[in-house]
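Student: I am new to this structure. Please pick one residue, look closely at its surroundings, and then work outward from there.

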Amino acid sequence: MTSPLAVPAPVPTDECRFPADFLWGAATASYQIEGAVAADGRTPSIWDTFSRLPGAVRNGDTGDVACDHYHRMPEDVALMRELGLGSYRFSIAWPRVRPDGGAANPAGIAFYDRLVDELLGHGLLPWATLYHWDLPQALEDAGGWLDRGTVDRFTEYALTVHEALGDRVHHWTTLNEPWCSAFLGYTGGQHAPGRQEGVAGVVAAHHLLLAHGRTVAELRRRAPEDQLGITLNLTVAEPYDASEPADVAAAERVDQLWNRVFLDPLLRGRYDDGLAAHTEGMTWRGKAWQDFVRDGDLATISAPLDFLGVNYYHGDAASGRARPAAELLGSLIPHPTRPNSSPFPGGEGIVFPRRGLPVTGIDWEVQPEGLTELLVGLDREYDLPPVYITENGAAYPDEVAADGSVTDPERLAYIDSHLRALHAAMSAGVDVRGYFAWSLLDNFEWAYGYEQRFGIVHCDFPTQRRTPKASALHLAEVARTGRLPEVG
């Protein structure tokens with residue numbers, strides 16, 4: 001079957017009002033902003049290693065300094081308060097808290113202790129993400145997410161964090177975008193650790209989900225009132241040409257190996273039969289991915305969620321037919337310079353043709369109505385918990401004007417149109433309770449290094465000067481008033 005997540009819905013242009021208790025925030029990730037990669041006992045993560053591989057990251061950039069948030073954290077928290085945001089979604093660096101995946105590190109934990117106190121002191125709700133891709137390199141050397149033992153190490157790490165912060169932090173995201181960790185990391189090689197091992201991505205996905213489930217169970221026992229969830233980057237997978245069987249098959253594969261591989265075990269306690277069909281005959285080290293699923297795993301993975309985080313940037317029109325490179329989106333499956341494979345096992349022929357839509361600076365299509373389609377489709381098919389948009393944003397090449405201001409009309413329009421699409425989904429009955437812009441700051445954008453700017457706040461990397469962009473001021477006004485004015 002093709003993706004069920006395509007439900008046409010217009011983006012409204014009249015005034016949109018959000019509930020008074022709607023949560024407005026911004027999000028970041030530890031490796032992308034913190035820097036200080038060797039400070040206070042932190043040891044290398046897979047991204048420290050990957051970024052040093054020849055051709056892995058544009059211009060040889062690394063996260064060694066990034067936005068220097070580790071040393072400038074109070075300034076950044078104060079800036080969020082000035083913008084009137086209600087919450088900050090941050091991730092915690094596993095290699096700071098338990099270096100090399102080993103014993104707890106009080107000096108690393110102390111940074112997050114200070115961060116949480118700073119947030120609370122400024123009236124901001126702390127929203128912690130336990131894993132945003134910075135696996136300790138020592139654990140990758142032992143097998144990484146392809147080794148079941150990493151599930152145990154993650155649970156130990158999560159409990160260490162909760163013991164330190166759980167008296168003040170009550171909103172926890174276990175994993176951010178496990179699709180990227182599993183399929184860009186172990187199948188396609190676009191992301192750390194850069195492995196290209198076919199159906200191994202499904203094995204990694206299962207272990208990531210199991211780590212999520214075990215952590216939810218442990219935290220639920222310790223703090224039953226805490227809000228626990230996971231964040232998935234989901235797409236509306238459509239055939240580029242619904243009359244072409246190759247395009248329909250490509251969209252089905254993308255849907256299975258992007259959306260359903262996570263949604264069905266989390267929300268239904270099983271893997272969809274289509275996943276087995278699309279990976280039939282594939283093995284990793286002589287075993288099918290199903291051989292790594294043990295009795296009881298799916299019951300653990302499908303523990304009830306308090307919320308589902310959804311990250312949305314664009315939809316996807318897949319094709320199974322060869323096309324000239326000029327007709328294809330250049331960055332939908334990102335990697336700028338290093339040879340890589342399809343992140344979809346068995347999907348080497350899948351391409352994503354241009355549809356004539358506007359594109360961002362990173363060559364992603366701008367399709368706000370896709371967010372409405374995605375949320376309404378999810379709500380119709382699954383028994384969803386409350387939803388938060390935990391990432392949404394766009395990269396554009398911003399410039400600082402002579403007066404020091406940063407005007408970013410494309411990003412402002414992107415955010416505005418996606419908030420209208422979000423409001424349309426809420427009007428259709430989807431229980432969405434908050435929105436986090438990606439990202440608070442321009443930062444280290446993974447394989448693109450510092451070339452792509454997603455921040456609503458400009459970061460001048462040589463001086464580390466922060467400048468709120470026009471999009472930040474727009475979001476601040478929306479957060480203050482709870483409404484989007486009528487367009488035109």
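His191 and what lies around it

Tutor: Start at His191. Setting aside residues up to four places away in sequence, its contacts are Trp47, Phe50, Trp133, Cys180, Leu184, Gly185 and Trp446. Keep in mind that this is a predicted model. His191 sits in the loop between α8 and α9 (200-222). Is it buried or exposed? His191 counts as buried because its relative accessibility is 6%, and the cut-off for buried is under 20%.

Now look at the empty space beside it. Rolling a probe the size of a water molecule over the atoms shows where empty space is left. His191 helps to line the second largest cavity, together with Ile46, Trp47, Tyr131, Trp133, Trp145, Cys180, Ser181, Tyr186 and Ala192. Three of these names were met a moment ago: Trp47, Trp133 and Cys180 also touch His191. Two elements, α2 (46-50) and α8, give two or more residues each to this lining. The largest share, three residues, is from α8. By class, the lining has eight nonpolar residues, two polar ones and no charged ones. The volume of this cavity is about 50 Å³.

Stay in the loop for one more step. Ala192, also part of that lining, is joined to Pro193 by a cis peptide bond, with omega about 10 degrees. Pro193 is in the loop between α8 and α9, which is where His191 is found too.

Next, follow Cys180. It lines the second largest cavity, but it also belongs to the largest one. How many cavities of 30 Å³ or more does the structure hold? There are three. The largest has a volume of about 390 Å³. It is lined by 28 residues, and those closest to its centre are Glu177, Cys180, Asn233, Tyr313 and Trp364. Helix α8 (residues 178-188) provides the largest share of this lining, three residues. The classes split into 16 nonpolar, eight polar and four charged residues. So α8 gives the largest share in the largest cavity and in the second largest.

From Glu177, move to Glu391. UniProt, in an unreviewed entry, places the feature "active site" at Glu391. This residue is in strand β10 (residues 387-391). Its relative accessibility is 3%, so Glu391 counts as buried. Beyond four places in sequence, Glu391 is in contact with Arg89, His132, Asn176, Glu177, Val310, Asn311, Tyr312, Tyr313, Phe436 and Trp438. Two of these contacts, Glu177 and Tyr313, are among the residues closest to the centre of the largest cavity. Arg89 deserves a second look. Its side chain and that of Glu391 are joined by a polar contact of 3.5 Å.

Trp438 leads onward. It touches Glu391, and its peptide bond to Ser439 is cis, with omega near 5 degrees. Ser439 lies in the loop between β11 and β12. Asp442 is in that loop as well, between β11 (432-438) and β12 (457-460). How buried is Asp442? It has a relative accessible area of 0%, so it is buried. Its side chain makes a polar contact of 2.6 Å with the side chain of Arg453. A polar atom of the Asp442 side chain also lies 3.3 Å from the backbone nitrogen of Cys459. Leaving out neighbours within four places, Asp442 is in contact with Cys67, Arg453, Phe454, Gly455, Val457, His458, Cys459, Phe461 and Lys469.

Past β12 comes Gln464, in the loop between β12 and β13 (465-468). Its phi is positive, about 65 degrees, although it is not a glycine. Gln464 counts as buried because its relative accessibility is 6%.

One stop remains, in helix α15 (residues 470-481), where Leu475 is found. Leu475 is buried, with a relative accessible area of 2%. It touches Trp24, Gly25, Leu85, Leu419, Tyr435, Ala437 and Ile456, not counting residues up to four places away. Leu475 and Asp416 are 59 residues apart in sequence, yet 8.4 Å apart in space, C-alpha to C-alpha.

Terms used: Residues are numbered from 1 along each chain as its sequence is written. This is a predicted model: local features need pLDDT of at least 70, side-chain atom pairs count only at pLDDT 80 or more; totals for chains, interfaces and linings use all residues. Side-chain values use heavy atoms; hydrogens and water are left out. On a 1 Å grid over the protein atoms alone, a cavity is a set of points where a 1.4 Å probe fits but cannot get out, and a pocket is an open set with protein on both sides within 12 Å along at least five of seven lines; lining residues have an atom within 4 Å of a point. Grid points are joined across faces, edges and corners, and a volume is the space filled by probe spheres set on the points. Helices (H or I, at least four residues) and strands (E, at least two) are DSSP runs, numbered from the N terminus. Ala, Val, Leu, Ile, Met, Phe, Trp, Tyr, Cys and Pro count as nonpolar, Asp, Glu, Lys and Arg as charged, and the others, Gly among them, as polar. UniProt positions are given in the numbering used here, feature names are shortened, and annotations may be inferred rather than shown by experiment. Buried means under 20% relative accessible area, exposed over 50%, partly exposed in between (1.4 Å probe, protein chains only). Contact means heavy atoms within 4.5 Å. A polar contact is a pair of N or O atoms within 3.5 Å; within protein, one must be able to donate a hydrogen and the other to accept it, and residues adjacent in sequence count only if both atoms are side-chain atoms.
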